[in-house]
Amino acid sequence: MRELLVLVAIGLGTYALRAAFLVTSRAAPPAPARLLPHVGPAVLAAITLPALLAPRGVVGGAESLPALVAAALTWLLWRRTARLPVALFGGLGAWWLAVAAVAAF
């Protein structure tokens, strides 16, 4: 129950900060405005890269290889087709094939 209260407090604080930013927002200075579109991809990379390279906290080839192959193919499909479902399902299929190939050897 205590953890749930902490999560609710964090959620309320997060939304209060966002609401305060929207209420008091003015035109952003040019330098931060140029950098803002890159924040989302940078955060996503910071979250996913450790999970890809070291899924159990240790960099290992057999465990990291399927995830790296799937991530590379997902990125390639997304860049080529610009369709997120195609990229996601293609990456998922690549991950399954890579896991099966690693398990076979």
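**Reading helices and a nonpolar patch**

Me: In which helix is the place of W75?

Reply: W75 has its place in helix α4. Helices here (H or I, at least four residues) are DSSP runs numbered from the N terminus, as are strands (E, at least two). The model is predicted: local features need pLDDT of at least 70 and side-chain atom pairs count only at pLDDT 80 or more, while totals for chains, interfaces and linings use all residues. Residues are numbered from 1 along each chain as its sequence is written, and side-chain values use heavy atoms, with hydrogens and water left out.

Me: Does W75 count as buried or exposed?

Reply: Buried means under 20% relative accessible area, exposed over 50%, and partly exposed in between (1.4 Å probe, protein chains only). W75 has 53% relative accessibility, so it counts as exposed.

Me: Which residues form the nonpolar patch on the surface?

Reply: Patch residues have over 30% relative accessible area (Shrake-Rupley, 1.4 Å probe, only the protein chains shown as cover). They have no salt bridge (a Lys or Arg side-chain nitrogen within 4 Å of an Asp or Glu carboxyl oxygen). Like charges are joined within 9 Å, and nonpolar side chains (Val, Leu, Ile, Met, Phe, Trp, Tyr) within 5 Å. Here L73, W75, L76, W78, L84 and L88 form the nonpolar patch, with about 600 Å² of accessible area together. Two elements, α4 (61-81) and α5 (84-104), each give two or more residues to this patch. Helix α4 gives the most, with 4 residues.

Me: Where are L73 and L76 found, and what do they touch or approach?

Reply: Both L73 and L76 are found in helix α4. L73 is partly exposed, at 31% relative accessibility, and L76 is also partly exposed, at 38%. Contact means heavy atoms within 4.5 Å. Leaving aside residues up to four places away in sequence, L73 touches G90 and A94. The C-alpha atoms of L73 and G90 are separated by 7.2 Å, although the two residues are 17 residues apart along the chain. For L76 and A87, 11 residues apart along the chain, the C-alpha separation is 7.8 Å.

Me: Which residues of α5 are buried?

Reply: The buried residues of α5 are A87, G91, A94 and A98. Seen down the helix axis, they fall within an arc of 65° (taken from the directions from the axis to the C-beta atoms), so they line one face of α5. These buried residues pack against α4. The face of α5 turned away from its buried side carries the exposed residues P85, F89, W96, L97, A103 and A104.

Me: How do the spans of α5 and α1 agree with what is expected?

Reply: The expected span of a helix is 1.5 Å times one less than its number of residues. Helix α5 has 21 residues and reaches 30 Å from its first C-alpha to its last, close to the expected 30 Å. Helix α1 (residues 2-23) has 22 residues that should span 32 Å, and its end C-alpha atoms are 31 Å apart, which agrees. The number of buried residues in α1 is 0, so this helix lies largely in the open.

Me: Where is the place of A82?

Reply: A82 has its place in the loop between α4 and α5. Its phi is near 60°, a positive value in a residue other than glycine. At 63% relative accessibility, A82 counts as exposed.
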